[in-house]
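The exercises below are to be worked with the sequence and the structure open. Each task is followed by a solution in steps.

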Amino acid sequence: MPDLSTKTVLYLEDEILIGLDGELILKDIGFGTVLLCHSLEAAQAYADSQPVDFALLDINLGDGRTSLSFAHHLLERDVPIAFASGYNRSEDLTADFTAPVVVKPFSTVTIRNAVTKALEGTD
Amino acid sequence: MKQIDKASMHEEEEFKRSTGFPVVGVGASAGGLEAFQSLLSAMTPKHAFALLLVQHLDPDHDSLLQELLSKKTSVPVTVIEDGMEIEESTVYIIPPGASLTVEGYVMHLSDFDQPRGLRRPIDSFLESLAEEHGANCVGIILSGTGSDGANGMRAIKNAGGLGLVQDPRQSAYDGMPRSAIDNGGSDLILPSEDMIAVIGEFFDRHSDLGDALRGDEEFKRRVAKHLLYRTGHDFSNYKIATMERRIARRMSVLGIKRPNEYLQRLISDDKEGMRLFQDILINVTSFFRDRASFDTLKTEVIRPMLADKGTDAEVRIWVPGCSTGEEAYSIAILCLQELDRLNTRPRISIFATDIDEEALKTAREGVYPETIADSIPEDLLERHFTPVASGYEVTQPLRDLVRFSRHNFIKDPPFLRLDLITCRNVIIYFDRWLQDRVMPVFHYALKPGGFLFLGPSENLGVIEGHFASVSRTQRIYRRDDSVARPLAMPIASGTSSRTTRRTNPNIKPRETAAPPEDYYRQVMLENHAPAFAVIDRNRVLGYTSGRIGRYLEIGPGVPDLDIVDLARGPLRGLVRRLLATASTAREDTHSLEWEGDIGGEAMRLVLYVRPLRDSRQMVVFDERDVRPAEDSRPVKLTEDISNIDDLYLRTLEEELEEAQQTVRTTVEELETSNEELKSSNEEIMSMNEEMQSANEELTTVNDELRNKVLELDAAVSDLRNFIDSTNIATLFLDDDLTIRSFSPQARTYFRVVEKDRSRHLGDIAGDLSMTDLIEICTRVLDTGQRIEREMRTLDGTADLQVSVNPYLTADNEQQGLVVVLIPVTELRQYARELEEVSVAANRHLNEIEELYRVSPQPMALMGPDLTYIRANEGLAAVNGKPLIDHIGRSIYEVVPKLTDQVVEPIRKVFESGEPILSQEVTGYTAADPDRERQWEVDWYPIREGDSISAVGVSVRDVTKYHEMETELRRVMRELQHRVKNMLSNVIALINRARREEGDHQIILDTLVKRINALATTHNLLTTENWHSILFRDLLTPELIDVYGPERITLRGPDVRLSAKAAVAFGMTIHELATNAAKYGALASPDGKLEVRWSRTDEGGGEMLVVRWIETGGGPEGEPDAPGFGTQLIDSTIRSSLLGTIDKHFDGTGFRAVIEVPIAELQRFDERDGLA
């Protein structure tokens, strides 16, 4: 597990409560900065304005949108990502991606594993 | 047709033989069928010869002969066709209307060229057979009338073949057999069933004998001796080869192998000698044989011979060995032809002689078969022959020229003073010794300068000693007058039996045979010394003594040998008288004494005349002085008497001569009328033959008809049985409606019995109306058209189909009626029942059809060509097209968008015959082009016999279910998602709570409240099916329900929030309310809260502006540290909803202004909502 204290994680989750909780968990596992956003626009704004070391993306964003194209965007910028999904099966939406998927609600353990995996992929 | 005439035959004296198997020719006529059947029954395939049957057949009728004969033998029976080859062990029969000849082993058919009645098909056939096969053939004559075949059999025998004749006692008609036998054409007479065996044995034996006899000279000599004894004819100088052949033949016929046996037979059977004799004599002759020779004869002989003769002159011709007369008549014809060219007509006498009496008989009759037309030029035939039934007859003028008589020229004295001798058939049979002796006879018999005409191959050396040749090639010679030879007669020696002389009974039996000269001398010595002369019956000098010159004198001119003419002067009358009286008196000697003067010389004579044998006489001139004894005193004649009576005597003599002439004439006239009677007789006979011919043919036809009748009987019997077996009531009626016959079944409806035949229909009682029936019958008779009518029996119990048909014969003539009755009652009933059943079935069918049509269950029937055979309204509705637009249309036309799913299963069902059930089909039809629907389809095979004729379709629309199912699944998923989400939210709250520090009870309480708020929002959302809720409704439960309407004021338009926004905003409101309750206006009972919202658009998009106004509460300060609530509110409004929140704290209370873009509140997820 690399040192996350210097890393910034961009966390996109459209549910407020889950997002807040998740933010704390991300802090718990060591991220230095957690950028919580609840919409694609906000996420996009963060990504454009700040360096991001990791992104955790909720797949389904509630209004029928998914974070998948944003994920592509991040991957192009070599940002390792992980997905969070509220569904048991991610409906193959993430089939194109090698990024790990955590199931919501996630715990410290599951998120840590996902982060590790994602970051190792970049090493 | 030529007779056997080949030069080779004469020179070789071998019988011509064909090489190969023998051919048997059979002739038959009336009664021949039976005879031939019995002949044939003995024939088997091992008999290696062919049988050819010529029967007199009626040319107008087909012959059944082949059929009838085939049944009698295992040997094939074939009808002859022109050009057909003859094969061994086969029977051939002539077809009607044709005549048959053979050429080698090939048969030729041709049309008859004679009218019926004059035909002799068997003769012409057998003659052709004899010519072609010679000794290698057999002629057979079976039963028949007439005489056809007699000549043919003779030809066969002459050629060396075998002649068999059916025993006349056995044959049904014995005319033909007897004729053949009488004409010398039979070797054996026997029953027809024995003939095949005899033929077989004959050919086995015949080849062996010839060689055996060749060396046996003694045998041949003895046979010749026997023949002489039996017949009086000496054959010892006949050509050896000829004799051998003929003897060998007889022996073969009799089945005798050893010569001694045959000799014994000759001795014991007195007929055998005659048969052998006949065999030897059989020769054949024809008219104008060797045409060229006759032509030369005409110009070189006949013409000069007749040319310089005056009318009184006599031309004398002799034909020795004339046989059946053709040669003699040929010469006669030439003479007659020549006479026409001359002015003078000399008297022509032709003497034709032979030893064969039978042949002479034929010659005298002068009737020859029509085949002579081949040898005689047409003009001559017409001039000198008359057509008769059996051929041609010589005309009277021709007949008168020739006199036939029996004469053996090798021992009888010849005719004398001949102009021409024609001998062309006989000398060839003589050996050299005999030939040497015959020539001088001819020489003597001819006048000086007379002609000799011989056959083609005479021995030249002998001839040329006596004759000069006129045309050697044509064998015409002239008497060499310089040669003087004494005549030595008789040439032949030997004795003969008196008893077997068949002919002329007047001829005295011969005594010793001594040379004539001796005899004369003897007579002279015994009786007279003086001069004498021998004359024949015509007073012609035959012989004179030396001193006869005193009394006889040869006058000037052509010498005349009539003794009367030669007698000198007064002796003439004397001699004449003497001869005249001598012929009538009975005494042996006649004499006349005379005294007179001859040539100045006184003379006293006694003339004697003494009869000699053969009608000759000796005239003696006895010049004597001495008178003889009393007993033989001559009649003295003085000159006086002679002078006085001379004239008278002369007159008497002349009258006598005249009388004799008259007698002769009368005799000739008698002969003529006799001849006329003969010809009438013959005419009658030929008519008879014609009738017999017709009769024969009729008999043949009759035989065949008899057989046919039998067959017809059988056919009739079959027909009868057939009618009886058909069980159909039938009546056969005549044109007058009398009953001819009826089938047994007819009795069911008519009261008829067997004896009712010939009764009128009207007299018969029946179950039908007879008057009606008669009327129908009458109508059919009139129109010739059949009538069918249904009639009911009088008692009404049965219906009948009555069919009245004209009865047509094989020639389509109408001859009555056939009435057929068929009971139709049952039929009618069946028809009725059938009708009913049919109607019921139709009704049922219609019901089912209707049911099918209106059934809501969509159904259809597909044909193998994928067109709709039938369909119902239900299916039409599914497909969205009218029902009529289905029938006959292709599935590609009706549901084009589904074909890739439905065509395959249809094909499968057609092929496999197995149904396919519950196939899912998804797609679009014209019924709802935009909505994808789903069906469950059953395909089932419709069988017809062994094949699938159609596929039935049954369709269930499962779209709704499908949709519902899909929806349900979606809902389930969504629900799952929601629950999960909800749980996640709750867990998030709990996690947050866990991080809180402080009083656990308060923490828990806060948690519970928050969870409740969440739950409330969710409840709200649930009532709205999770689609959206009004903003107001969000506030109500959190505020009014908790704090009551007196303290809470809500004011604002209806604004809808999406589920997500509702949950977020709900939490926000809860936190605000909680804060208000903890620290704000709602902490005290006087505090009031007003929430006002509105929609505004100030250019940045439509915003929801919410004012949270708290009043009347205690002083409120901003919490020192932002708690979770504040975080939540900020996160929601700012981060999630992208709005702003402005908080104020002043003395009156807390105040916030929230501004959120409406767009963010109304992001409706299409997955939201469970509708």
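The model is predicted.

**Exercise 1.** Determine how many residues of strand β10 (residues 314-320) of chain B are buried, and what follows for the strand.

Solution.
- Step 1. A residue is taken as buried if 20 or more other C-beta atoms lie within 10 Å of its own.
- Step 2. By this cut-off, 5 of the 7 residues of β10(B) are buried.
- Step 3. β10(B) is therefore largely enclosed by the rest of the structure.

**Exercise 2.** Find the strands that pair with β10(B), and state the sense of each pairing.

Solution.
- Step 1. Strand β11 (residues 347-354) of chain B runs parallel to β10(B), and 7 bridges join the two.
- Step 2. Within this pairing, Ile350(B) of β11(B) stands opposite Ile317(B).
- Step 3. Strand β16 (residues 418-423) of chain B also pairs with β10(B) in the parallel sense, over 2 bridges.
- Step 4. Ile317(B) has a bridge partner here as well, namely Leu420(B) in β16(B).

**Exercise 3.** Which unit do β10(B), helix α13 (residues 326-341) of chain B and β11(B) make, and what is its handedness?

Solution.
- Step 1. Take the elements in sequence order: β10(B), α13(B), β11(B).
- Step 2. Together they make a β-α-β unit, and this unit is right-handed.

**Exercise 4.** Examine strand β3 (residues 54-58) of chain A: decide how well its faces are covered, and identify strands that pair with it.

Solution.
- Step 1. Count the buried residues: 5 of the 5 in β3(A), so the strand is mostly covered.
- Step 2. Sort them by face. Phe54(A), Leu56(A) and Asp58(A) lie on one side, Ala55(A) and Leu57(A) on the other, and all are buried.
- Step 3. Strand β1 (residues 8-12) of chain A pairs with β3(A) in the parallel sense over 4 bridges, and Leu10(A) has Ala55(A) as its bridge partner.
- Step 4. Strand β4 (residues 81-85) of chain A likewise pairs with β3(A) in the parallel sense, over 4 bridges. Phe83(A) in β4(A) stands opposite Leu57(A).

**Exercise 5.** Describe the contact between chains A and B, and the side of chain A that takes part in it.

Solution.
- Step 1. Count the residues: 22 of chain A are in contact with 25 of chain B.
- Step 2. Assign elements on the chain A side. α1 (16-29), β2 (33-37) and α2 (40-49) each supply at least two residues.
- Step 3. The largest share, 7 residues, comes from α1(A).
- Step 4. Classify the residues on this side of chain A: 10 are nonpolar, 6 polar and 6 charged.

Key:
Residues numbered from 1 in each chain as written. Chains lettered and ligands numbered in written order. Predicted model: local features only at pLDDT ≥ 70, side-chain atom pairs only at ≥ 80, totals over all residues. Contact = placed C-beta atoms within 7 Å. Nonpolar A, V, L, I, M, F, W, Y, C, P; charged D, E, K, R; others polar. Buried ≥ 20, exposed ≤ 12 C-beta atoms within 10 Å, placed from the backbone. Pairing = 2+ DSSP bridges. Right-handed = clockwise from strand over helix to strand, strands pointing away.
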